[in-house]
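Trainee: I'd like to go through the labels people put on a model like this one. Can we take them one at a time and check each against its definition?

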Amino acid sequence: MSLESWLKVGLPAFPLGFTILGAWLYWGDNPLPLLAPPIAFWGLVVLVYLFTNLYIPDRRYTLFLTISATLLWLVTAITSHNLGRFISSKQYGGLISAMATKDFWYAYVCALVGCVAAIKQFIRYEPMIVAQLEQDRAAVNTEE
Amino acid sequence: MFYDVLIFASAAVGIAGVFVYSYKISHSRVYVVGIVREKAAALNQTVKREQDAEDLPASAVLGVPSAIAIEIREAKKPRCERCGRLQDFSENRSRCRHCGHAFSLEVASENEQPSETESRLETIQAEQSYSLKKHEKLFMDFDKRIRQLERESLVQSLPKIEDNRKQYEPLESVQ
């Protein structure tokens with residue numbers, strides 16, 4: 001992948017990076033309820049990028065995939081919020097106790113499914129998008 | 001209770017949607033936006049070349065390189081199922097040169113032998129129709145030239161006719 005492609009996939013991961021570097025490592029907050037939504041959001045933004053660049057004739061698969069990822073992000077956001085409430089309560093006694101809650105699994109499974117699907121699609125279709133972009137740029141330069 | 005049902009239903013629908021539509025996308029013919037513009041530009045170039053060829057004088061047309069036939073042959077070449085780019089099956093390639101998509105055996109076998117014969121026939125047909133068109137134009141030019149020569153010869157012979165008339169006019173008046 002080119003530098004431009006790395007930038008495309010890396011920019012939407014900035015909230016995740018901020019959560020890890022800022023909230024967790026710098027401020028020392030508990031990252032468990034904060035990590036899942038940026039992961040899901042990363043996948044969602046990557047899918048939106050792919051959705052605006054790919055076209056399947058007479059089908060709206062890319063749109064439905066993006067809507068599904070949005071739904072996963074919503075579930076992740078809600079369950080992460082509830083996970084945060086659990087962590088701030090007296091019942092929380094470490095990672096193991098958080099893993100015993102349903103909210104933890106909903107948050108992280110949904111986030112990872114959405115993110116992995118998006119990254120997989122990105123790795124698969126990004127070379128095509130880059131090739132097309134290069135052709136378009138060359139055509140524009142020739143026209144000028 | 002309501003919260004559990006809502007979260008479970010949303011998660012189930014979301015995960016199922018992601019799996020189903022990822023599968024469907026990976027088994028579909030996916031195009032990159034912008035390919036239509038390229039095709040339109042190529043079409044405009046073809047039309048322009050045809051117009052240029054028609055604008056040539058008829059005498060310069062005989063023995064023209066069959067540019068249109070070459071373009072038709074290019075258009076009939078097999079394309080990759082995923083990225084839609086031209087592929088050359090004669091080199092026994094199993095994957096697309098651009099996106100690495102593996103060709104299905106049906107497409108490859110369809111395009112091996114019959115395509116060469118078909119493209120040859122189409123090339124011959126295109127060349128013949130092209131030359132026929134240009135010959136028609138040549139004949140029209142010949143026809144115009146003959147009419148022009150007739151007109152010129154008529155104009156040149158007009159004074160002689162006038163002289164003859166003047167010679168015979170007094171005789172007619174005498175009679």
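Trainee: Where does B:Ala102 lie?

Mentor: B:Ala102 sits in the loop between helix 3 (67-75) and helix 4 (105-110) of chain B. Helices are DSSP runs of H or I with at least four residues, strands are E runs of at least two, and both are numbered from the N terminus. Bear in mind that this is a predicted model, where local features need pLDDT of at least 70, side-chain atom pairs count only at pLDDT 80 or more, and totals for chains, interfaces and linings use all residues. Residues are numbered from 1 along each chain as written, and chains are lettered from A in the order written.

Trainee: Why is B:Ala102 called partly exposed?

Mentor: Count the neighbours: 13 other C-beta atoms lie within 10 Å of B:Ala102. Buried takes 20 or more within 10 Å, exposed takes 12 or fewer, and partly exposed is in between, with C-beta atoms placed from the backbone. So B:Ala102 is partly exposed. As for chain B, 9% of its 175 residues count as buried.

Trainee: What makes helix 3 and helix 4 of chain A roughly antiparallel?

Mentor: Helix 3 (residues 32-53) and helix 4 (residues 61-87) of chain A pack at about 170°, with axes 8 Å apart. Axes are lines fitted to C-alpha atoms over the stretch in contact, and angles run from 0 to 180 degrees between N-to-C directions. Under 35 degrees counts as roughly parallel, over 145 as roughly antiparallel, 65 to 115 as roughly perpendicular and the rest as oblique. Helix 3 and helix 4 of chain A are therefore roughly antiparallel.

Trainee: How do you know that strand 1 of chain A pairs with strand 1 of chain B?

Mentor: Pairing takes at least two DSSP bridges, and two bridges join strand 1 (residues 54-55) of chain A to strand 1 of chain B, running antiparallel. The bridge partner of A:Leu54 is B:Val32.

Trainee: How many residues does each chain give to the contact?

Mentor: Chain B gives 25 and chain A gives 33, where contact means C-beta atoms, placed from the backbone, within 7 Å. Helix 1 of chain B brings the largest share of chain B's side, twelve residues.

Trainee: Which elements of chain B have the lowest and the highest mean pLDDT?

Mentor: pLDDT is the predictor's confidence in each residue, from 0 to 100. Helix 4 of chain B has the lowest mean, 55, and helix 1 of chain B the highest, 91. Where pLDDT is low, don't read the predicted coordinates in detail.

Technical notes
Contact = placed C-beta atoms within 7 Å.
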